[in-house]
Amino acid sequence: MGERTSRVDLRGWLNDPWLWVALCVGLAVRVVPLAIWPQVECIRDECIYRAIAAAIVDGKGLVVANKGWLPAPGYPYLLAWSKELFGSMQPVKGFQVALSFFSIPMMLAIGRIVADRRAGRIAAMLFALNPTIAWFTNTQWIETVYIFLLLAASLAVLVAQRTRGVSVAWRYAALGGVALGGAVLFRGIATYLPPLFILALCWPEPSQGGEEVDRMDVNTWVASAKLRWRSVVAFLLAAFLTVAPYSIHASGRHGGFMVSDATVGHVLFLGNNDFPPLTFDYGNGMLTQPLFSRYLRTGRRPCRRDRPPVRSSKCEVQQALAWAKTHPDKFVARIPMRLAQILNPNSFLTRHVRWGFFPGLPWWAKEGLTVLIVVWSMATVLLGTAAAWARARGPWAWIAIGTTLYTLAITAMMYGMSRFRLPLEALWTVYLAMFLADPRGTIQTLSEQPVRLAGALVTLPPLFALMLWYLPTGFPLFWR
């Protein structure tokens with residue numbers, strides 16, 4: 001096929017007044033709490049990231065003393081660079097506000113590509129106002145950066161897929177590869193996402209005449225892959241070159257091959273042990289170090305912590321697999337619990353509200369915020385899932401649904417927290433926007449397609465039940 005310009009007008013969408021409203025609102029709900037209630041304290045992983053960053057600044061490199069595991073390098077190095085440039089790690093929060101700010105137009109663009117202008121506008125506003133996503137910019141957890149990179153990779157691949165001009169498409173694909181490679185360097189779970197993005201990149205478009213093609217036909221996929229092979233190569237090469245330098249360096253230093261982190265064994269240790277699966281959410285987690293240490297003493301001893309992280313992680317994986325084989329009933333019985341942990345409608349923001357991190361905020365505002373968090377989470381999961389069953393098609397379905405199912409599968413085997421759901425909420429916001437843009441149309445589409453309706457009826461009740469599992473933990477009145 002000859003050269004053809006992209007059907008995606010990214011620049012033109014910047015003139016949308018609704019986008020500028022969303023940007024103003026999104027900036028306000030991020031900057032105002034940061035200015036009034038700056039969170040200087042650190043909690044658990046935040047403290048670990050700071051300690052690693054301090055070691056980097058001191059020239060010791062990426063090390064975690066006596067932990068037996070090694071996180072992905074992105075966030076510790078980001079904190080270290082902040083310390084070097086500004087003398088403090090706190091300015092990284094301003095950087096996160098900027099990343100979250102620029103994520104808003106990406107949400108609008110994705111919504112318009114996947115659905116229409118109305119859905120794009122709603123998606124941008126929902127992302128701007130999401131209380132937990134906004135609040136996470138005032139923390140030193142990786143979620144804000146990871147969401148930005150995941151959205152950037154998704155948008156780049158969607159644009160590349162819709163661009164027939166070879167000389168243009170491969171550049172977008174390469175940009176998507178760099179963004180997804182960056183996501184891998186910030187969170188190791190992204191390591192196995194590239195196949196989903198490649199499938200999205202190769203999704204067959206209608207023929208040149210505009211007629212619909214049979215996308216289930218193998219020959220159609222082969223033809224589409226031949227048309228886009230340069231984009232696929234550009235995506236894979238960009239992702240590889242982004243991750244490979246660190247992977248090669250770390251594999252030689254930390255005891256064996258690793259892509260970006262060596263944490264699988266540690267996570268399996270926490271979730272497949274004689275004690276119940278751990279979490280760190282408010283009301284159902286290990287919220288103090290003495291309690292956490294006492295909890296760990298009731299399970300099997302971890303592998304030697306003085307070994308290189310890769311070897312220690314492999315040892316823990318073997319121990320966890322042996323435990324699962326010895327206790328298959330417990331392993332299977334814990335799957336719903338782990339899924340309930342990640343689907344907890346309360347969030348880390350709920351925990352901070354309950355812990356008194358917002359002095360001066362009246363009690364009714366605190367209670368209203370905790371209720372808003374729950375309503376927002378449940379609407380995103382339940383209404384978004386209904387819209388996904390009704391309207392999920394094309395490249396975005398591969399990216400959003402594939403990433404969600406993959407993450408839930410990993411959680412089912414290991415352990416979950418509400419924090420792990422946040423990147424999925426960003427992806428699922430597009431489907432929530434589709435529902436809110438046309439709720440009657442969504443319901444009608446489901447009613448007209450028995451297979452999709454059956455899927456919704458099978459999945460929505462269990463999701464609702466799982467979200468109710470830990471709902472009371474956010475409201476001490478119900479469990480104290």
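Visitor: Which residues form a nonpolar patch on the surface?

Guide: Happy to show you, and do keep in mind that this is a predicted model. The patch has about 530 Å² of accessible area in total. Its members are W229, V233, L237, F240 and L241.

Visitor: Is W229 buried, partly exposed or exposed?

Guide: You can find W229 in helix 12, which covers residues 229-253. Its relative accessibility is 45%. Buried means under 20% and exposed means over 50%, so at 45% W229 counts as partly exposed.

Visitor: And S100, is that residue buried or exposed?

Guide: Look in helix 5, residues 92-114, for S100. The relative accessible area of S100 is 2%, and the cut-off for buried is under 20%. S100 is therefore buried.

Visitor: Which side chain joins that of S100 in a polar contact of 2.7 Å?

Guide: Start from the contacts of S100 beyond four places in sequence: R30, F127, I133, T137 and T144. The polar contact of 2.7 Å runs between side chains, from S100 to one of these residues. That partner is R30.

Visitor: Which helix gives the most residues to the largest nonpolar core?

Guide: The largest nonpolar core has 134 residues, and Y75, L193, F197, W396 and Y431 have the most contacts inside it. The top contributor to this core spans residues 143-161 and gives 13 residues. That is helix 8.

Visitor: Which residues does Y431 touch, leaving out those up to four places away in sequence?

Guide: Y431 is among the residues with the most contacts inside the largest nonpolar core. With residues up to four places away left out, Y431 touches G384, A387, A388, A392, W396, A397, A400 and I401.

How values were computed: Residues numbered from 1 in each chain as written. Predicted model: local features only at pLDDT ≥ 70, side-chain atom pairs only at ≥ 80, totals over all residues. Heavy atoms only, no water. Patch = residues over 30% accessible without salt bridge, like charges linked within 9 Å, V, L, I, M, F, W, Y side chains within 5 Å. Areas by Shrake-Rupley, 256 points an atom, 1.4 Å probe, with all protein chains shown as cover. Salt bridge = Lys/Arg side-chain N within 4 Å of Asp/Glu carboxyl O. Helix = DSSP H or I, 4+ residues; strand = E, 2+ residues; numbered from the N terminus. Buried < 20%, exposed > 50% of the residue type's maximum accessible area, 1.4 Å probe, protein only. Polar contact = N/O pair within 3.5 Å; in protein donor to acceptor, adjacent residues only side chain to side chain. Contact = heavy atoms within 4.5 Å. Core = buried A, V, L, I, M, F, W, Y, C linked by side-chain atoms within 4.5 Å.
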